[in-house]
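The following exercises guide a new reader through one protein model. Each task is followed by a solution that proceeds step by step.

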Amino acid sequence: MEQSQLEEVKSAALAQVMAAEDESALRDAEVALLGKKGTVSLLSRGISQVPPKERGAFGRAVNDVKKAVVEALTHAREGLREAAIQSELDDRSFDVTLPGIRPTGGTMHPLSQVQERLEETFIAMGYHVLDYLEVEDEFHNFEALNIPADHPARDMHDTFWTKDRLLLRTHTSPGQIRAMRTLEPPFRAVFPGKVFRYEAIDASHEHTFHQLEGLMIDRHVSVAHLNSSMQIMLSQIFGQELTIRLRPGYFPFVEPGFECDVQCMICGGAGCRVCKHSGWVEFLGCGLVHPNVLRSAGLDPDEWQGWAFGLGLSRLVMMQYGIDDIRHIMGGDLRFLRQFA
Ligand code: DAH
(Lines give C-alpha, C1' and ligand atoms only; values in the text may rest on other atoms or scores of the structure.)
Protein backbone atom coordinates (compact mmCIF):
# COMPACT_ATOMS: atom_id res chain seq x y z
CA MET A 1 0.00 0.00 0.00
CA GLU A 2 1.24 3.44 -0.91
CA GLN A 3 1.73 6.37 1.45
CA SER A 4 -0.98 8.31 -0.42
CA GLN A 5 -3.49 5.49 0.04
CA LEU A 6 -2.67 5.58 3.73
CA GLU A 7 -3.60 9.28 3.80
CA GLU A 8 -6.91 8.41 2.15
CA VAL A 9 -7.67 5.78 4.76
CA LYS A 10 -6.81 8.24 7.48
CA SER A 11 -9.07 11.02 6.25
CA ALA A 12 -11.90 8.56 5.66
CA ALA A 13 -11.48 7.27 9.20
CA LEU A 14 -11.49 10.77 10.72
CA ALA A 15 -14.55 11.70 8.69
CA GLN A 16 -16.31 8.62 10.03
CA VAL A 17 -15.56 9.66 13.61
CA MET A 18 -16.69 13.20 12.98
CA ALA A 19 -19.96 12.03 11.44
CA ALA A 20 -20.99 10.17 14.58
CA GLU A 21 -23.85 12.09 16.13
CA ASP A 22 -24.22 10.22 19.37
CA GLU A 23 -22.44 7.86 21.71
CA SER A 24 -23.67 4.70 19.99
CA ALA A 25 -22.67 5.91 16.52
CA LEU A 26 -19.29 6.72 17.99
CA ARG A 27 -19.00 3.22 19.39
CA ASP A 28 -19.86 1.77 15.98
CA ALA A 29 -17.19 3.92 14.36
CA GLU A 30 -14.68 2.79 16.94
CA VAL A 31 -15.40 -0.88 16.21
CA ALA A 32 -15.29 -0.28 12.45
CA LEU A 33 -11.89 1.37 12.71
CA LEU A 34 -10.05 -0.13 15.68
CA GLY A 35 -11.94 -3.39 16.18
CA LYS A 36 -10.43 -6.77 15.30
CA LYS A 37 -11.44 -6.42 11.67
CA GLY A 38 -11.40 -2.66 11.70
CA THR A 39 -9.88 -0.68 8.88
CA VAL A 40 -6.99 0.60 10.92
CA SER A 41 -6.32 -2.78 12.53
CA LEU A 42 -6.16 -4.38 9.08
CA LEU A 43 -3.55 -1.82 8.09
CA SER A 44 -1.38 -2.93 11.01
CA ARG A 45 -1.74 -6.49 9.96
CA GLY A 46 -0.67 -5.56 6.42
CA ILE A 47 2.70 -4.32 7.66
CA SER A 48 4.23 -7.78 7.28
CA GLN A 49 3.39 -7.86 3.58
CA VAL A 50 5.35 -4.72 2.89
CA PRO A 51 8.86 -5.25 1.52
CA PRO A 52 11.42 -5.22 4.37
CA LYS A 53 13.07 -2.05 3.08
CA GLU A 54 9.87 0.02 3.34
CA ARG A 55 8.46 -1.79 6.34
CA GLY A 56 9.81 0.61 9.02
CA ALA A 57 8.49 3.76 7.38
CA PHE A 58 5.15 2.13 6.61
CA GLY A 59 4.81 0.88 10.18
CA ARG A 60 5.40 4.34 11.59
CA ALA A 61 2.86 5.83 9.18
CA VAL A 62 0.26 3.26 10.22
CA ASN A 63 0.90 4.07 13.87
CA ASP A 64 0.36 7.78 13.15
CA VAL A 65 -2.97 6.98 11.56
CA LYS A 66 -3.96 4.90 14.57
CA LYS A 67 -2.94 7.65 16.98
CA ALA A 68 -4.88 10.25 15.03
CA VAL A 69 -8.00 8.07 15.07
CA VAL A 70 -7.76 7.38 18.82
CA GLU A 71 -7.33 11.11 19.46
CA ALA A 72 -10.29 11.97 17.27
CA LEU A 73 -12.44 9.42 19.11
CA THR A 74 -11.49 10.82 22.53
CA HIS A 75 -12.14 14.34 21.38
CA ALA A 76 -15.51 13.47 19.88
CA ARG A 77 -16.54 11.67 23.06
CA GLU A 78 -15.71 14.69 25.18
CA GLY A 79 -17.67 16.94 22.84
CA LEU A 80 -20.70 14.68 23.11
CA ARG A 81 -20.53 14.63 26.90
CA GLU A 82 -20.34 18.42 27.06
CA ALA A 83 -23.28 18.74 24.71
CA ALA A 84 -25.29 16.28 26.79
CA ILE A 85 -24.67 18.27 29.99
CA GLN A 86 -25.53 21.51 28.26
CA SER A 87 -28.78 20.18 26.85
CA GLU A 88 -29.71 18.81 30.25
CA LEU A 89 -29.15 22.24 31.74
CA ASP A 90 -31.13 23.88 28.95
CA ASP A 91 -34.09 21.51 29.01
CA ARG A 92 -34.38 20.80 32.68
CA SER A 93 -37.80 21.77 33.91
CA PHE A 94 -38.22 22.59 37.59
CA ASP A 95 -41.04 21.33 39.70
CA VAL A 96 -42.18 24.55 41.29
CA THR A 97 -44.45 22.67 43.67
CA LEU A 98 -41.52 21.01 45.45
CA PRO A 99 -41.01 22.46 48.93
CA GLY A 100 -38.09 24.88 48.92
CA ILE A 101 -35.23 25.24 51.34
CA ARG A 102 -36.25 27.69 54.01
CA PRO A 103 -33.71 30.52 54.23
CA THR A 104 -32.50 31.28 57.73
CA GLY A 105 -34.25 34.53 58.54
CA GLY A 106 -32.96 37.29 60.77
CA THR A 107 -34.89 38.40 63.82
CA MET A 108 -35.59 41.79 65.30
CA HIS A 109 -33.14 42.74 67.99
CA PRO A 110 -34.87 42.72 71.42
CA LEU A 111 -33.99 46.37 71.75
CA SER A 112 -35.67 47.23 68.45
CA GLN A 113 -38.69 45.19 69.49
CA VAL A 114 -39.07 47.06 72.75
CA GLN A 115 -38.35 50.41 71.13
CA GLU A 116 -40.94 49.80 68.46
CA ARG A 117 -43.54 48.87 71.05
CA LEU A 118 -42.76 51.96 73.11
CA GLU A 119 -43.01 54.20 70.07
CA GLU A 120 -46.42 52.75 69.28
CA THR A 121 -47.53 53.30 72.86
CA PHE A 122 -46.38 56.91 72.81
CA ILE A 123 -47.88 57.62 69.41
CA ALA A 124 -51.18 56.31 70.73
CA MET A 125 -50.88 58.81 73.62
CA GLY A 126 -50.36 61.70 71.19
CA TYR A 127 -46.57 62.00 71.23
CA HIS A 128 -44.30 62.87 68.33
CA VAL A 129 -41.48 60.35 67.87
CA LEU A 130 -38.30 62.18 66.86
CA ASP A 131 -34.84 61.11 65.88
CA TYR A 132 -31.72 63.18 66.48
CA LEU A 133 -28.07 62.78 65.59
CA GLU A 134 -25.69 60.74 67.72
CA VAL A 135 -22.95 63.32 67.21
CA GLU A 136 -23.80 66.45 69.14
CA ASP A 137 -22.17 69.71 70.10
CA GLU A 138 -21.29 70.88 73.56
CA PHE A 139 -24.04 73.45 73.55
CA HIS A 140 -26.91 70.97 73.07
CA ASN A 141 -25.44 68.16 75.12
CA PHE A 142 -24.38 70.31 78.08
CA GLU A 143 -24.63 74.09 78.09
CA ALA A 144 -28.22 74.53 76.97
CA LEU A 145 -29.14 71.84 79.49
CA ASN A 146 -27.83 74.01 82.31
CA ILE A 147 -24.54 72.12 82.54
CA PRO A 148 -21.79 74.74 82.09
CA ALA A 149 -18.18 73.68 81.53
CA ASP A 150 -17.21 73.80 85.19
CA HIS A 151 -20.33 71.99 86.37
CA PRO A 152 -19.65 68.84 88.44
CA ALA A 153 -22.38 67.03 86.51
CA ARG A 154 -19.98 66.80 83.59
CA ASP A 155 -18.01 64.29 85.63
CA MET A 156 -20.97 61.90 85.46
CA HIS A 157 -20.90 62.07 81.69
CA ASP A 158 -17.49 60.76 80.71
CA THR A 159 -17.50 61.89 77.16
CA PHE A 160 -16.13 60.68 73.84
CA TRP A 161 -14.92 63.81 72.08
CA THR A 162 -14.20 64.10 68.39
CA LYS A 163 -11.07 65.86 67.16
CA ASP A 164 -13.02 68.95 66.22
CA ARG A 165 -14.59 69.29 69.64
CA LEU A 166 -17.90 67.65 68.82
CA LEU A 167 -18.99 64.74 70.97
CA LEU A 168 -20.98 61.53 71.01
CA ARG A 169 -24.10 62.47 72.92
CA THR A 170 -23.92 61.22 76.49
CA HIS A 171 -27.70 61.23 76.81
CA THR A 172 -30.80 61.84 74.72
CA SER A 173 -31.56 65.07 76.61
CA PRO A 174 -30.04 67.36 73.92
CA GLY A 175 -33.14 66.37 71.94
CA GLN A 176 -35.13 68.50 74.40
CA ILE A 177 -33.45 71.66 73.14
CA ARG A 178 -33.82 70.64 69.51
CA ALA A 179 -37.49 69.72 70.00
CA MET A 180 -38.31 72.99 71.78
CA ARG A 181 -36.62 74.92 69.02
CA THR A 182 -38.57 73.25 66.23
CA LEU A 183 -41.97 72.24 67.59
CA GLU A 184 -44.72 74.70 68.33
CA PRO A 185 -45.79 74.38 72.00
CA PRO A 186 -47.81 72.84 73.48
CA PHE A 187 -46.44 69.46 72.41
CA ARG A 188 -45.26 66.11 73.68
CA ALA A 189 -42.50 64.16 72.11
CA VAL A 190 -40.21 61.21 72.71
CA PHE A 191 -36.80 60.68 71.17
CA PRO A 192 -35.22 57.25 71.50
CA GLY A 193 -31.60 56.64 70.64
CA LYS A 194 -28.10 55.44 71.26
CA VAL A 195 -25.96 57.26 73.80
CA PHE A 196 -22.28 56.90 74.62
CA ARG A 197 -20.14 57.13 77.72
CA TYR A 198 -16.46 56.61 78.17
CA GLU A 199 -16.97 54.15 81.00
CA ALA A 200 -15.60 50.98 82.51
CA ILE A 201 -17.82 48.09 81.44
CA ASP A 202 -19.51 45.63 83.77
CA ALA A 203 -22.82 43.77 84.06
CA SER A 204 -24.77 47.02 84.31
CA HIS A 205 -22.55 49.54 82.47
CA GLU A 206 -21.83 49.77 78.77
CA HIS A 207 -20.06 52.45 76.75
CA THR A 208 -22.95 52.36 74.29
CA PHE A 209 -26.50 52.06 75.51
CA HIS A 210 -29.99 53.22 74.67
CA GLN A 211 -32.28 55.78 76.18
CA LEU A 212 -35.68 57.18 75.47
CA GLU A 213 -36.24 60.81 76.30
CA GLY A 214 -39.66 62.36 76.78
CA LEU A 215 -40.66 65.99 76.85
CA MET A 216 -43.97 67.67 77.38
CA ILE A 217 -44.38 71.43 77.07
CA ASP A 218 -47.57 73.20 78.01
CA ARG A 219 -48.90 76.02 80.19
CA HIS A 220 -49.20 75.55 83.97
CA VAL A 221 -47.38 72.24 84.26
CA SER A 222 -46.87 70.98 87.81
CA VAL A 223 -45.27 68.08 89.69
CA ALA A 224 -48.76 66.59 89.96
CA HIS A 225 -48.86 66.30 86.17
CA LEU A 226 -45.41 64.77 86.13
CA ASN A 227 -46.33 62.27 88.81
CA SER A 228 -49.49 61.02 87.16
CA SER A 229 -47.90 61.07 83.72
CA MET A 230 -45.07 58.80 84.85
CA GLN A 231 -47.58 56.50 86.53
CA ILE A 232 -49.72 56.22 83.42
CA MET A 233 -46.78 55.96 81.08
CA LEU A 234 -45.06 53.13 82.94
CA SER A 235 -48.27 51.19 83.32
CA GLN A 236 -48.87 51.56 79.59
CA ILE A 237 -45.35 50.42 78.78
CA PHE A 238 -45.55 47.28 80.88
CA GLY A 239 -49.22 46.61 80.33
CA GLN A 240 -49.70 46.16 84.06
CA GLU A 241 -49.88 48.19 87.20
CA LEU A 242 -46.32 48.67 88.37
CA THR A 243 -44.91 49.49 91.72
CA ILE A 244 -42.86 52.64 91.28
CA ARG A 245 -41.41 55.23 93.58
CA LEU A 246 -40.22 58.81 93.08
CA ARG A 247 -37.19 59.97 95.00
CA PRO A 248 -35.74 63.46 94.90
CA GLY A 249 -32.93 63.40 92.38
CA TYR A 250 -30.61 65.99 91.01
CA PHE A 251 -30.32 66.68 87.29
CA PRO A 252 -29.19 70.17 86.25
CA PHE A 253 -31.85 70.50 83.55
CA VAL A 254 -34.89 69.88 85.77
CA GLU A 255 -36.15 71.52 88.94
CA PRO A 256 -37.38 69.79 90.93
CA GLY A 257 -35.82 66.56 89.73
CA PHE A 258 -36.64 62.97 90.62
CA GLU A 259 -35.40 59.46 90.28
CA CYS A 260 -38.18 57.10 89.38
CA ASP A 261 -37.56 53.54 90.53
CA VAL A 262 -39.45 50.45 89.45
CA GLN A 263 -39.65 47.36 91.54
CA CYS A 264 -37.26 44.84 89.96
CA MET A 265 -39.11 42.48 87.64
CA ILE A 266 -36.36 39.92 87.52
CA CYS A 267 -36.40 39.08 91.20
CA GLY A 268 -39.74 40.67 92.11
CA GLY A 269 -38.04 42.83 94.69
CA ALA A 270 -36.13 40.07 96.45
CA GLY A 271 -32.75 41.31 95.22
CA CYS A 272 -30.53 40.18 92.34
CA ARG A 273 -27.54 41.24 90.28
CA VAL A 274 -29.51 43.65 88.08
CA CYS A 275 -31.04 45.59 90.97
CA LYS A 276 -27.81 45.31 92.91
CA HIS A 277 -29.72 43.39 95.57
CA SER A 278 -31.91 46.35 96.47
CA GLY A 279 -35.16 45.14 94.94
CA TRP A 280 -35.49 48.38 92.96
CA VAL A 281 -34.18 49.37 89.57
CA GLU A 282 -33.40 52.98 88.93
CA PHE A 283 -35.45 53.35 85.87
CA LEU A 284 -35.75 56.92 84.80
CA GLY A 285 -34.84 60.43 85.75
CA CYS A 286 -37.49 63.07 85.47
CA GLY A 287 -38.54 66.50 86.60
CA LEU A 288 -39.94 69.85 85.62
CA VAL A 289 -37.93 71.51 82.87
CA HIS A 290 -35.56 74.06 84.40
CA PRO A 291 -36.34 77.70 83.49
CA ASN A 292 -32.76 78.10 82.20
CA VAL A 293 -33.34 75.24 79.78
CA LEU A 294 -36.59 76.74 78.55
CA ARG A 295 -34.78 80.04 78.06
CA SER A 296 -31.88 78.57 76.14
CA ALA A 297 -34.38 76.91 73.83
CA GLY A 298 -36.12 80.24 73.27
CA LEU A 299 -39.22 79.68 75.42
CA ASP A 300 -40.43 82.14 78.07
CA PRO A 301 -40.59 80.27 81.42
CA ASP A 302 -43.40 82.55 82.57
CA GLU A 303 -45.53 81.34 79.71
CA TRP A 304 -44.38 77.74 79.18
CA GLN A 305 -43.44 74.93 81.51
CA GLY A 306 -42.92 71.27 80.99
CA TRP A 307 -41.77 67.97 82.31
CA ALA A 308 -39.07 65.71 80.94
CA PHE A 309 -37.93 62.21 81.56
CA GLY A 310 -35.03 60.07 80.45
CA LEU A 311 -35.55 56.34 80.45
CA GLY A 312 -32.89 53.66 80.23
CA LEU A 313 -34.07 51.66 77.25
CA SER A 314 -31.34 49.07 77.64
CA ARG A 315 -32.33 48.53 81.23
CA LEU A 316 -35.97 48.23 80.27
CA VAL A 317 -35.10 45.52 77.74
CA MET A 318 -33.14 43.68 80.41
CA MET A 319 -36.04 43.78 82.80
CA GLN A 320 -38.59 42.71 80.23
CA TYR A 321 -36.60 39.69 79.10
CA GLY A 322 -34.82 38.86 82.35
CA ILE A 323 -31.36 39.63 80.92
CA ASP A 324 -28.94 40.01 83.79
CA ASP A 325 -25.93 41.43 81.93
CA ILE A 326 -26.08 44.57 79.79
CA ARG A 327 -23.10 43.35 77.74
CA HIS A 328 -25.38 40.84 75.99
CA ILE A 329 -27.37 43.62 74.40
CA MET A 330 -24.75 45.06 72.09
CA GLY A 331 -22.60 41.92 72.12
CA GLY A 332 -23.93 40.58 68.83
CA ASP A 333 -23.80 36.95 69.95
CA LEU A 334 -26.15 35.02 67.66
CA ARG A 335 -26.92 32.46 70.36
CA PHE A 336 -28.32 35.34 72.39
CA LEU A 337 -30.11 37.08 69.53
CA ARG A 338 -31.82 33.95 68.17
CA GLN A 339 -33.81 33.66 71.38
CA PHE A 340 -35.86 36.68 70.36
CA ALA A 341 -37.25 35.21 67.14
N1 DAH B 1 -30.15 62.68 80.82
C2 DAH B 1 -30.16 62.00 82.09
C3 DAH B 1 -29.08 60.93 82.07
O4 DAH B 1 -28.71 60.46 81.05
C5 DAH B 1 -31.48 61.33 82.32
C6 DAH B 1 -32.57 62.31 82.60
C7 DAH B 1 -32.84 62.70 83.89
C8 DAH B 1 -33.32 62.82 81.59
C9 DAH B 1 -33.84 63.58 84.18
C10 DAH B 1 -34.36 63.71 81.86
C11 DAH B 1 -34.60 64.08 83.18
O12 DAH B 1 -35.12 64.23 80.91
O13 DAH B 1 -35.62 64.93 83.45
O14 DAH B 1 -28.61 60.56 83.11
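A residue is called buried when its relative accessible area is under 20%, exposed when it is over 50%, and partly exposed in between, with a 1.4 Å probe and protein chains only. Helices (H or I, at least four residues) and strands (E, at least two) are DSSP runs numbered from the N terminus. The model is predicted, so local features need pLDDT of at least 70 and side-chain atom pairs count only at pLDDT 80 or more, while totals for chains, interfaces and linings use all residues. Residues are numbered from 1 along each chain as its sequence is written, and side-chain values use heavy atoms, with hydrogens and water left out.

**Exercise 1. Determine the order of the strands in the open sheet and identify the strands at its edges.**

Step 1. Two strands pair if DSSP finds at least two bridges between them. Strands of a sheet pair through backbone hydrogen bonds, either parallel or antiparallel.

Step 2. The open sheet is formed by 7 strands in the order S1-S4-S5-S9-S8-S7-S6, and its pairing is mixed.

Step 3. The edges are held by S1 (128-129) and S6 (244-248); each has a single partner strand, so one side of each lacks a neighbour in the sheet.

**Exercise 2. Trace the pairing of S5 with S4 and with S9.**

Step 1. S4 (residues 187-196) pairs with S5 in the antiparallel sense over 10 bridges. Within this pairing, Arg188 stands opposite Met216 of S5.

Step 2. S5 is also joined to S9 (residues 305-312) by 8 bridges, and these strands run antiparallel. Here Gln211 has Gly312 of S9 as its bridge partner.

Step 3. Is S5 enclosed or open to its surroundings? Of the 11 residues of S5 (residues 208-218), 10 are buried, so the strand is largely enclosed by the rest of the structure.

**Exercise 3. Describe the pairing of S8 and the burial of its residues.**

Step 1. S7 (residues 254-263) and S8 run antiparallel and are joined by 8 bridges. Val262 has Val281 of S8 as its bridge partner, and Val254 is partnered by Val289 of S8.

Step 2. S8 and S9 are joined by 5 bridges and likewise run antiparallel. Leu288 stands opposite Trp307 in S9.

Step 3. In S8, 8 of the 10 residues are buried, so this strand is largely enclosed by the rest of the structure.

**Exercise 4. Characterise the surroundings of the ligand.**

Step 1. A residue is near a molecule if one of its heavy atoms lies within 4 Å of it. There are 15 residues around the ligand, and His171, Ser173, Arg197, Gln211 and Glu213 come nearest. At least two residues of this shell come from each of S5, S8 (280-289) and S9.

Step 2. Which distances separate polar atoms of Arg197, Glu213 and Phe309 from oxygen atoms of the ligand? A polar side-chain atom of Glu213 lies 2.6 Å from such an oxygen atom, and one of Arg197 lies 2.9 Å from an oxygen atom of the ligand. For Phe309, a backbone N or O atom lies 3.4 Å from a ligand oxygen atom.

Step 3. Taken alone, the ligand exposes 350 Å², and the protein buries 92% of that area. These accessible areas come from the Shrake-Rupley method with a 1.4 Å probe.

**Exercise 5. Classify Leu311, Arg247 and Glu134 by accessibility and place them in the model.**

Step 1. Leu311 lies in S9 and is buried, with a relative accessible area of 0%. Although Leu311 and Glu213 are 98 residues apart in sequence, they are 6.1 Å apart in space, C-alpha to C-alpha.

Step 2. Arg247 belongs to S6 and is partly exposed, at a relative accessible area of 30%. From Lys10, Arg247 is 237 residues apart in sequence and 106 Å apart in space, C-alpha to C-alpha.

Step 3. Glu134 is found in the loop between S1 and S2 (135-136), and its relative accessibility of 34% makes it partly exposed. Its C-alpha atom is separated by 98 Å from that of Lys53, with the two residues 81 residues apart along the chain.

**Exercise 6. Name the buried residues of H10 and the residue just after H10 with a positive phi.**

Step 1. In H10 (residues 313-321), Leu313, Ser314, Leu316, Val317, Met318 and Met319 are buried.

Step 2. Gly322, just after H10, takes a positive phi of about 70°.

Notes:
Polar contact = N/O pair within 3.5 Å; in protein donor to acceptor, adjacent residues only side chain to side chain.
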